[in-house]
Amino acid sequence: MALAETTSEISPSATSSYMAMIRRKRMMSGIMLAIFVVLLISGFLVAQERNAGDFLPGLSNVLGFPSDVVSEAWENRAQLPGFLSKYFPSLIETINIAAVSTLVGGLAAIVLSLFATRGLAKFPRLVPVFRRTMDLLRAFPEIVIALVLIFIIGGGPVPAMIAIALHTAGALGKLFSEINENAHLGPLEGLESVGANWSQRMLLGIVPQVAPNYLSYALLRFEINIRASAILGFVGAGGIGYDLRNTITFGMGKFDEAAAIFILLFVTIVLVDQLSSTVRDRLTHGKPVL
Amino acid sequence: MTTADTNMTDMMQVTVAGMRRKRMVGFGIVAAVLVYLTYIFFAFDIPEVISDIDGDDARILVADSYSYKTHVTRDNRDGSVGVSIEGERKGRYPEGEAPSWVTLGETTVIQLEDGHEVIFGPEEIRYDIPGYGLVTARPGSDGVNATLPAGEVPAWINASKNRLAITTDAGRLSITRNRTEVFRYFSGWELFFFTLDSPYHGLGLSAVLSRSFSGEAGAIWADFWGNDMWRHSDVVWAIGETILMAFLGTFGAAIIALPLGFLAAKNFTPLGPIRFGMRRIFDFLRGVDGLIWTIILSRAFGPGPMTGSLAILLTDTGSFGKMFSEAFENIDNKQIEGIASTGAKPLQRYRFGVIPQVTPVLLSQILYYLESNTRSATIIGAITGGGIGLLLTQAIITQKDWEEVTYYIILIIIMVMLMDSLSGWLRRKLIKGDEGGH
């Protein structure tokens with residue numbers, strides 16, 4: 001063995017204690033791995049037991065629904081362009097919900113993050129308060145706020161917008177405050193020496209430094225928010241998700257329209273994904289965006 | 001000299017022009033944002049939404065989330081009186097029993113707050129409202145026959161031939177031909193620990209504790225666990241299901257994405273078509289999105305936690321595959337060369353040259369997703385019917401169990417925050433404490 005040659009000059013006791021340590025370490029990793037595998041398998045069995053249908057019988061049906069949709073869409077393929085344009089306005093609404101909530105949530109996140117960063121905060125004593133606020137906003141799944149708001153103000157895009165914006169403010173606020181921590185404080189001192197107040201210092205000294213990073217995270221969030229906005233539509237908050245639920249619960253006969261919605265949603269998500277990753281790539285390498 | 005001068009002026013001009021351009025861009029961005037928000041204001045019809053807001057709904061929701069009401073109901077046809085919490089069958093007091101503020105009998109006396117008193121007589125209902133006067137009613141087949149004090153009827157009294165409703169700060173009385181009902185409001189979540197049929201209802205903490213030490217712990221636990229008003233065992237199961245969905249989905253996806261990630265990484269798979277194919281599969285899995293996967297899978301497997309886990313698994317296999325392959329492409333080749341120089345075979349090279357390098361990166365991504373998938377699992381549960389998401393939507397649909405909605409929301413927040421700390425703790429523990437990753 002190669003190990004024996006290299007250790008020939010080291011005392012045998014050191015070798016044996018080293019090997020014992022390695023063995024102990026391996027055994028620990030082995031035990032951890034075994035626990036993990038047991039958890040995974042038993043978890044799966046519990047999940048299967050509490051599910052309406054079992055895994056193996058269901059597996060043969062997985063393609064049933066997609067093939068129904070595809071075959072009906074294929075039969076009525078002549079109408080597909082019509083359906084695509086019929087549901088295009090709903091798609092725009094979904095995108096608008098995502099865009100405006102990213103925008104509003106992002107602006108709120110900038111303010112929150114500046115108040116929550118040590119060294120920049122206007123009220124240093126309140127830093128923990130703002131941090132906890134962001135944690136709380138982040139912990140709310142959008143659907144919780146959306147469902148309650150749908151009860152109070154009725155269906156439509158506004159509940160979804162508010163719900164996503166609140167979550168976005170928390171999620172982006174945390175990331176933004178991490179960025180702020182790495183900002184150079186030189187410009188701040190310069191601005192302070194010419195008598196700039198706090199908001200001027202932040203707006204002119206910090207924001208220009210961190211704007212590309214902010215933008216990069218905001219774009220990533222926009223991607224996530226498009227998906228979230230489609231899901232919230234599904235529970236009654238307008239946009240293309242709402243149409244999707246209506247066509248699917250209608251069943252056979254409207255699957256051709258459901259197919260059109262699937263296509264719209266899929267293409268949008270992939271396009272926004274690609275676009276945002278290209279822009280983010282340029283931002284991280286310091287190239288101009290346009 | 002002159003060239004330097006022109007250089008100076010050139011530079012000044014360039015700088016001034018640059019600043020002007022920047023200022024224009026700055027104003028342009030602000031203007032674009034404002035224009036967009038104005039467009040949204042009209043596209044979403046915000047004025048209409050604001051005018052549609054149902055203030056009463058919101059008030060009921062907020063009041064109900066921290067308070068409950070007890071109904072005292074008299075059947076006007078046979079004169080029988082019953083008391084129940086929130087008017088639910090599960091919260092009904094046994095026949096002939098009532099809380100201390102209700103005196104049952106030939107004449108039932110109901111004490112409300114601030115000294116208000118409602119009396120259900122054999123024939124007549126009397127409510128002497130302090131500062132207003134005596135209201136009586138003799139409900140029967142010909143109407144409620146209400147008699148109000150002389151003068152104008154105030155806004156908080158709604159009287160007609162067949163209906164009388166009085167709402168005061170102390171409570172609410174409503175009379176129809178067949179039914180008389182008094183609501184008294186209390187703060188708190190009633191029956192949270194024990195329902196009325198349990199012998200432990202109404203006992204203080206110390207009494208319950210001392211009884212549990214004298215051998216009744218099992219019975220006490222069974223009564224609490226089986227509380228059919230708050231359904232503690234169902235709630236705990238639901239939370240467990242949600243966390244299970246996140247756990248199975250995240251780690252299942254990671255296990256599948258690990259080998260696929262190698263196939264999509266340039267430095268491990270020289271064959272272009274395979275790489276291209278894998279990447280398109282990842283894009284497809286991510287692009288179809290959790291929502292559509294959930295719909296497709298729930299058609300095949302029915303509602304439940306397994307469907308939710310599989311939906312998370314499919315979406316995240318796409319995300320992990322993409323991230324893992326990028327991590328593999330960014331590894332340092334020197335370590336592999338070093339291992340190779342000792343005569344290691346390819347498998348050993350992966351084991352000792354690649355895995356230790358990428359484990360911290362992969363683990364931190366997986367653990368980050370574990371936390372965010374707890375939230376996704378709540379959402380998927382609400383759509384497909386499983387876990388705490390299902391309980392939440394069920395409670396919201398009834399439009400009256402807002403105290404339960406509040407309870408579930410608090411539990412969800414606690415669950416997400418705990419998973420967040422757990423994933424952060426594991427990240428620190430596994431990655432910093434053991435940088436080799438094995």
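1. Let's start with the two domains of chain A. In this predicted model, the C-alpha centres of domain 1 and domain 2 of chain A lie 40 Å apart. Domain 1 covers residues 11–52, and domain 2 runs over 68–284. Try finding both stretches in the structure above before you read on.

2. Next, have a look at helix H10 of chain A, residues 198–234. How far apart are its end C-alpha atoms? They are only 43 Å apart, although a straight helix of 37 residues would reach 54 Å at 1.5 Å a residue. Follow the helix along and you will meet a kink of about 55° at Val207(A), shortly before the proline Pro208(A). Just after H10(A) comes Gly236(A), whose phi is positive, at about 115°.

3. Helix H5 of chain A, residues 80–115, is a good one to set beside it. With 36 residues, H5 of chain A spans 51 Å from its first C-alpha to its last, and that is close to the expected 52 Å. Where does H5(A) have a kink? Look at Phe88(A), shortly before the proline Pro89(A): the kink there is about 40°.

4. Now turn to the place where the chains meet. Chain A brings 49 residues to the contact and chain B brings 53. On the side of chain A that touches chain B, the largest share comes from helix H2 of chain A (residues 12–49), with 7 residues. Sorted by class, that side of chain A holds 33 nonpolar, 12 polar and 4 charged residues.

5. Chain B deserves a point of its own. Its secondary structure comes to 11 helices and 12 strands. Why is chain B described as more spread out than a compact globule? Its radius of gyration is 34 Å, whereas the globule rule gives 22 Å for 438 residues; the value for chain B is well over that, so the chain is more spread out than a compact globule. Taken along the principal axes, the C-alpha atoms of chain B fill a box of roughly 105 × 75 × 45 Å.

6. Finally, a word on confidence. Chain B has a mean pLDDT of 84, and 97% of its residues reach 70 or more. Which residues of chain B have pLDDT under 50 throughout? One such stretch is residues 434–438 of chain B, for which the model has 9 contacts beyond four places in sequence. As for the model's own scores, ipTM is 0.85 and pTM is 0.84.

Notes: Residues are numbered from 1 along each chain as its sequence is written. Chains are lettered from A and ligands numbered from 1 in the order in which they are written. This is a predicted model: local features need pLDDT of at least 70, side-chain atom pairs count only at pLDDT 80 or more; totals for chains, interfaces and linings use all residues. Helices (H or I, at least four residues) and strands (E, at least two) are DSSP runs, numbered from the N terminus. The expected span of a helix is 1.5 Å times one less than its number of residues. The bend at a residue is the angle between axes fitted to the seven residues ending there and the seven starting there. Two residues are in contact if their C-beta atoms, placed from the backbone, lie within 7 Å. Ala, Val, Leu, Ile, Met, Phe, Trp, Tyr, Cys and Pro count as nonpolar, Asp, Glu, Lys and Arg as charged, and the others, Gly among them, as polar. pLDDT is the predictor's confidence in each residue, from 0 to 100. Domain bounds come from an automatic or database domain assignment. The radius of gyration is taken over C-alpha atoms; the globule rule is 2.2 Å times the number of residues to the power 0.38.
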